Each structure stands twice: as structure tokens, then as C-alpha cells.
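Here is a friendly walk through one model, meant to be read with the structure open beside you. Take it a section at a time and follow along on screen.

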Amino acid sequence: MTAAGRYRRTTMLMAAAAGLALTVSSCGLFGEAGPVRIAAMGSINPAASPLNGELSATNAALLDATSQGLVSYDGEGQIDTGLADRWTVTTDGRSYIFRLREAKWTNGRKVTAQDVAAILRTYLAPASRHMLKSDFPEIETIRAMTDTVIEIRLSVPQPAILELLAQPSMAIVNKGMGWGPMRARRIGRAVLLSPVPDPLAEDPAAAEAAANDPAASIELVGTSPAKALARFKNGYADGVVGGRFSTLPYFAASNIARSRLVVDPAPGLFGLSFVRAEGFLATDTNRDALTRAIRRERLVEAFGLEEWQAQLTLRPVVHVRSGGPAPLQPAWADYDDASRQAQAKRVVDAWRAAGREIEPIRIAVPDSPGGRILFAYIAADFTAIGVPSRRVTMASTADLRLIDEVAPNDDPLWALRRLSCRRDTLCNREAQDLIEQAMRNIDVGQRSTQVTEAEVVLARYTPFIPLATPLRWSVAAQRLTGLRPNPRAQHPLNHVIAAPN
């Protein structure tokens with residue numbers, strides 16, 4: 001079958017899986033002078049807090065607009081100012097000192113460094129459910145030096161800490177009150193975002209009028225993937241954000257022009273984590289067999305998106321750019337799919353020859369069109385080597401559970417920490433000890449060596465089946481000149497229209 005034929009077949013398959021029908025597009029319902037209209041996939045909750053765990057794409061976009069962190073991301077995925085308008089790093093790389101801009105909470109009270117320090121300490125407290133808490137293991141103290149200056153002191157240098165602080169979940173929000181750069185008010189089911197007036201403006205009335213200019217506003221709606229794309233197709237939205245692999249079939253069924261799709265080259269983890277090591281899954285050899293059995297290129301091609309790439313390694317390749325050790329390629333990387341499956345089948349046959357059964361492996365994936373396609377291909381590859389499986393929901397008891405996460409920074413330890421001794425992973429004490437040693441090591445060369453040693457042990461233990469890079473996508477009209485692909489998969493709403501050069 002030709003590439004064009006495969007694409008047509010994939011599009012038909014995904015359209016059927018999505019079961020989506022969108023009406024004919026009408027162009028230009030809203031003029032260029034009106035608010036930017038963004039449809040985000042997921043419900044909107046203005047009271048959502050980073051303290052309650054992972055944020056939906058909609059709530060992350062809202063928080064990032066109304067309560068940015070000390071620093072933020074721009075439209076290119078680069079570090080930009082946030083609540084701090086400048087910062088310095090001490091020569092030992094252990095102290096980050098931020099000077100706060102003039103800002104007020106929504107109740108009119110001035111934002112102080114004491115407020116910010118208390119909020120950050122709450123995020124990183126032992127009892128916190130903050131999703132990035134485990135990625136800040138090196139922090140020693142967070143303190144207000146003056147009313148406008150805050151210091152974050154690290155026990156070891158961490159060059160990638162700014163990337164963590166720029167994440168939407170690190171928004172500086174105080175008991176539901178934000179500071180900016182935008183303010184929100186509900187309009188029916190939508191939230192209207194407008195710029196916060198400059199508190200230092202010489203003419204407050206003029207600053208307020210400029211902030212209320214409709215052309216400077218953003219209307220954010222949280223809805224289902226099908227409805228978000230329908231809004232775009234029918235001219236009721238300028239952009240759609242929050243797309244993942246699980247919702248890509250909706251785009252394939254929408255007939256929206258491919259040129260409108262924005263795919264982020266985001267590194268991270270996309271694969272199946274072993275949740276338990278019992279029965280057939282109790283041995284490294286058997287878990288390795290399942291890892292070899294999956295035909296990744298075939299799986300990725302089923303989604304019809306050439307930007308989505310298969311991944312064999314535990315760590316994302318991005319860390320080569322930051323000077324860290326290159327990710328470890330698995331021992332079977334040079335074999336073709338047929339050879340890998342033959343190797344895996346011999347392991348399964350040997351297990352059964354010893355009179356041992358294999359219970360169906362419960363695989364937790366999203367209950368969505370993309371999740372069902374993903375499971376179908378994985379289940380077929382497992383069946384080919386003699387291993388039965390069944391699909392369960394993400395909240396169900398499972399043997400394998402999907403991890404789909406973008407790396408929050410370029411720390412080469414991030415992926416290893418994420419795959420070791422968490423609630424949804426297995427735990428190898430030798431690997432964990434090496435990871436903890438690397439976390440505490442201030443010698444860059446030694447730390448790099450320990451990262452590689454930990455990866456070798458973890459790869460041999462096989463706690464995870466890497467499948468591909470994480471898939472993050474958006475849809476943008478021509479008007480959204482600032483909504484561009486970037487390696488952080490971050491699209492702050494205040495940057496969706498790029499400033500003129």
C-alpha cells in the first residue's frame with residue numbers, strides 16, 4: 001500500500017473511531033478587532049488550584065493567564081518574565097534571586113515577596129499534591145529578602161529550575177486570587193480575559209480603557225474535543241488548545257485544513273508503566289519480552305501524523321542538547337520488528353512450556369478514540385507472541401498503565417525519577433539509590449556518570465515500555481500568529497497573537 005493509501009485508510013479509521021460530524025465552515029464571523037476566541041479541550045474551573053494535582057489543559061491555560069509564576073514561557077517556549085521582571089543567579093549556581101514587579105491581587109492588595117514565598121513553600125510541602133513537587137528535590141530554602149525580592153536557595157545547582165518555575169502549575173495564586181497579566185470574568189459558560197492595567201501608569205483611566213479594548217481580550221471556553229473543533233470549523237473560535245494523542249482522531253474527522261494543525265516537538269514520556277510485578281510480569285526477562293514485542297512505527301503510523309515519532313529509550317533525546325549523557329539505547333534496538341517479536345515469543349513459549357499460565361494483562365489507557373486505537377495495536381502485538389490482554393480505564397486496577405507526560409525541563413534525571421518508586425511504577429532499590437546520589441551530587445561530571453549508571457540498572461529492570469514521544473497539538477487560525485510549535489508544548493494565551501517586529 002502506498003503512503004497516500006495508508007494516510008487515506010488511517011483518516012477513515014480515525015474518523016470512524018471518533019464518530020464526529022462537523023458542519024460546513026463559515027469564515028470571518030468575528031472581525032480581527034474582536035476578542036480572540038479560544039476553545040480548550042476540557043471543562044473550565046476558575047477555582048482550580050495547583051495544590052489539587054494535575055491541571056486540565058483548560059485550567060492550566062486560565063491559571064497561566066491570570067496568575068503567572070515568577071517566570072513564564074513566551075510563544076516560542078523560551079523563558080520570559082512573569083511576576084518577576086528580572087532575576088540573577090549566584091556564581092555557585094545555587095541561589096536564584098528574583099525581583100518582583102509592581103502587582104496587586106484581585107482584591108487590590110499589593111503582592112509581596114512574603115506572599116510569594118509562602119505560596120511556593122505550600123506547593124512544595126510534604127503534604128502537597130502539587131504535580132511538580134517531586135521535581136524540586138534540591139531546594140534548601142525559599143525566603144523573602146525584602147518586600148520585593150525573593151530568594152530560592154538550592155542544595156545543589158539546578159540549571160533547569162527556571163523551566164519548572166515557568167510551568168502553569170507554578171502559578172502564583174493566593175486563595176483563588178491572581179495578579180495577572182490578565183484578569184478574568186465569567187460571561188455565561190466562557191471566561192473573558194483582559195489585560196491587567198499597568199499599576200504604575202501615569203493616567204489610570206487611560207490604562208483601564210486600554211485594558212478594556214475588545215481587541216486585547218481573549219474569550220476562553222472549555223468544552224469537549226468534538227465541540228472545540230466544531231467551534232473552530234464554524235468560525236466561533238480562532239484556536240483550539242489541549243490536544244493529545246487520545247483526541248487526535250477528532251481532528252482527522254473534522255476536515256479542518258492540515259495547515260491549521262500545530263504539533264509540538266515535545267520530549268517526555270509516552271508509554272506503559274508496569275504497575276505490578278506478579279505472575280508473568282514478575283521477571284525482568286518477561287517484562288523485556290513485552291517491551292520488544294510492540295511494533296512502534298506501525299503503531300505511530302496508525303495515527304497518520306508524521307510529526308509523531310516512535311521512542312525506544314527511557315529518557316527523552318532532548319537531554320543531549322543540554323550537555324547531559326545521551327539516552328541509553330536498548331540492547332534490541334538494532335533488530336527489526338520481526339526479529340524482536342520472535343525473541344519475545346521464545347520467552348513466552350518457554351514460560352508456558354514450564355506449565356505456567358499467563359493471565360490477561362490489564363492495560364489502562366484513556367477511554368477515547370485515540371486510546372482505543374492505541375490499545376488495539378498493542379493488544380495485537382501481544383497476541384502475536386501469545387500474551388492475552390484487555391483494556392481497562394485509567395482509574396481501574398491495572399497491570400500496565402499509560403504515562404503521557406511532557407518533560408517539564410531538561411534535567412536528565414527527570415524521566416528516571418518519574419519511572420522509579422512512584423505509586424504507578426515498580427521500585428528497584430539499586431536504581432533508586434543511584435538516582436538519589438545523582439540528585440545530591442554537585443560535581444557535574446560525576447552526576448552525569450551516575451545518571452548513566454542509574455539508567456543502565458533501570459533499563460535492565462524494565463519498569464516501563466517506551467512507545468513514542470508525547471503528542472501535543474493545537475489548531476490555529478491565521479490570526480493567531482503567536483501560536484507556534486515549541487518544545488515545551490506551552491501556548492500562553494497572552495502570546496497567541498505575536499507582537500509586531
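## The disulfide

Cys421 and Cys427 are joined by a disulfide, with 1.8 Å from S to S. This is a predicted model, and the count of disulfides in it comes to one. The link of Cys421 and Cys427 is right-handed, with 75° about the S-S bond.

Are these two cysteines buried or exposed? Neither label fits: Cys421 has a relative accessible area of 27%, so it is partly exposed. Cys427, at 40%, is partly exposed too. Buried would need a value under 20%, and exposed a value over 50%.

## The open sheet

Next, have a look at the sheet. Seven strands make up an open sheet with mixed pairing, and their order is 8-9-10-1-11-18-12. Strand 8 (182-187) and strand 12 (261-264) are the edge strands, each pairing on one side only. From one strand to the next, the twist averages 25°.

Helix 2 (residues 57-66) packs on this sheet, where it touches strand 1 (36-41), strand 8, strand 9 (190-195), strand 10 (218-223) and strand 11. The direction of helix 2 makes about 130° with that of strand 8. Within the sheet, strand 11 (residues 239-244) and strand 18 (residues 472-476) run antiparallel and are joined by four bridges. One residue to find here is Gly243, whose bridge partner in strand 18 is Trp473.

## Trp473 and the nonpolar cores

Trp473 also turns up in the largest nonpolar core, which has 57 residues. Along with Leu290, Leu374 and Phe382, Trp473 is listed with the most contacts inside that core. Which helix gives the most to this core? Helix 11 (residues 369-384) does, with seven residues. Apart from this core lies another of 39 residues, including Val111, Ala113, Tyr123 and Leu132. As background, nonpolar side chains tend to be buried together in soluble globular proteins.

Leaving out residues up to four places away in sequence, Trp473 touches a long list of neighbours: Met41, Leu229, Gly242, Gly243, Arg244, Thr247, Leu248, Phe251, Leu261, Val262 and Val263.

## A hairpin

For a simpler piece of architecture, turn to strands 6 and 7. Strand 6 (residues 139-144) pairs with strand 7 (residues 149-154) in the antiparallel sense, over five bridges. A hairpin through four residues joins strand 6 to strand 7. Thr141 stands opposite Arg153 of strand 7.

## Gln167 in its loop

Where does Gln167 sit? Its place is in the loop between helix 4 (161-165) and strand 8. Gln167 has 12% relative accessibility, so it counts as buried, the cut-off being under 20%.

What does Gln167 contact, beyond its neighbours within four places in sequence? The partners are Tyr73, Leu132, Pro408 and Gln490. With Pro408 there is a polar contact to look for: a polar atom of the Gln167 side chain lies 3.1 Å from the backbone oxygen of Pro408.

## Thr122 on helix 3

Thr122 lies in helix 3 (residues 113-123). With 40% relative accessibility, Thr122 counts as partly exposed. Setting aside residues up to four places away in sequence, Thr122 touches Leu51 and Ser128. Thr122 and Leu51 are 71 residues apart in sequence, while their C-alpha atoms are 8.2 Å apart in space.

Conventions
Residues numbered from 1 in each chain as written. Predicted model: local features only at pLDDT ≥ 70, side-chain atom pairs only at ≥ 80, totals over all residues. Heavy atoms only, no water. Core = buried A, V, L, I, M, F, W, Y, C linked by side-chain atoms within 4.5 Å. Buried < 20%, exposed > 50% of the residue type's maximum accessible area, 1.4 Å probe, protein only. Helix = DSSP H or I, 4+ residues; strand = E, 2+ residues; numbered from the N terminus. Contact = heavy atoms within 4.5 Å. Disulfide = S-S within 2.5 Å. Pairing = 2+ DSSP bridges. Axes fitted to C-alpha atoms, helices over the stretch in contact; angles between N-to-C directions. Polar contact = N/O pair within 3.5 Å; in protein donor to acceptor, adjacent residues only side chain to side chain.
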